[in-house]
Amino acid sequence: MVTTPLVGDPYRADCPTRRILDRIGDRWTVLIVGILGRGDARFSELLREVQGISQKMLTQTLRGLERDGLVTRTVHPEVPVRVEYALTEAGRTLLAPLRALEEWSIEHLGEVATSQRAYDSSTSAAATSAAPGAVMTIV
């Protein structure tokens, strides 16, 4: 059987690479992959390490990562049952680019926060100075 190789173009609306970018660009994915980059982890460890994630969101994210071949789920037949998650070879290839994003966000945190405050204050001032019922145009 001859198969045609998939060619991706994420700038096309119908390209499947967009779903992949959605997965790896998700904040929970970035954090989970980062933690699993340190070694295998149980669900409860991930829940504890990724502060702010709900059990439901952690479950959904892990299932998506497993479906995409980035994470493996191993069930150990013990009492109680022990389940561990680990990065696959493909998942490990994400470590460097995601670590670069993490480092960039830390390095540029101050600049981004300053820009956000300036933007918020300028749009807030513009909104309060507009006449009631007037349409505001931001250029």
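Helices (H or I, at least four residues) and strands (E, at least two) are DSSP runs, numbered from the N terminus. This is a predicted model, in which local features need pLDDT of at least 70 and side-chain atom pairs count only at pLDDT 80 or more, while totals for chains, interfaces and linings use all residues. Residues are numbered from 1 along each chain as its sequence is written, and side-chain values use heavy atoms, with hydrogens and water left out.

**Exercise 1. Work out what span helix α4 should have, and set it against the distance between its end C-alpha atoms.**

Step 1. The expected span of a helix is 1.5 Å times one less than its number of residues.

Step 2. Helix α4 holds 13 residues, from 55 to 67, so the span should be 18 Å.

Step 3. The end C-alpha atoms of α4 are 18 Å apart, which agrees with the expected value.

Step 4. Just after α4, G69 takes a positive phi of about 80°.

**Exercise 2. Find which residues of α4 are buried and which are exposed, and say how the two groups lie around the helix.**

Step 1. A residue counts as buried under 20% relative accessible area, as exposed over 50%, and as partly exposed in between (1.4 Å probe, protein chains only).

Step 2. By this rule L58, T61, L62, G64 and L65 are the buried residues of α4. They cover an arc of only 160° around the axis (taken from the directions from the helix axis to the C-beta atoms), which puts them on the same side of α4.

Step 3. Q55, K56, R63 and R67 are exposed on the other side of α4.

Step 4. The cover over the buried residues, judged by contact (heavy atoms within 4.5 Å), includes α1 (17–25), α2 (27–36), α3 (43–49), β2 (71–76) and β3 (82–87).

**Exercise 3. Establish the order of the strands in the sheet, and describe the surroundings of β3.**

Step 1. Two strands pair if DSSP finds at least two bridges between them.

Step 2. β1 (residues 41–42) is joined to β3 by 2 bridges and runs antiparallel to it, with R42 standing opposite E84.

Step 3. β2 and β3 pair in the antiparallel sense over 6 bridges; H76 has R82 as its bridge partner, and V71 has L87. A hairpin of 5 residues joins these two strands.

Step 4. The result is an open sheet of 3 strands in the order β1-β3-β2, with antiparallel pairing. β1 and β2 are the edge strands, each pairing on one side only.

Step 5. In β3, R82, E84 and A86 point one way and V83, Y85 and L87 the other way, and all are buried. Since 6 of the 6 residues of β3 are buried, the strand is largely enclosed by the rest of the structure.
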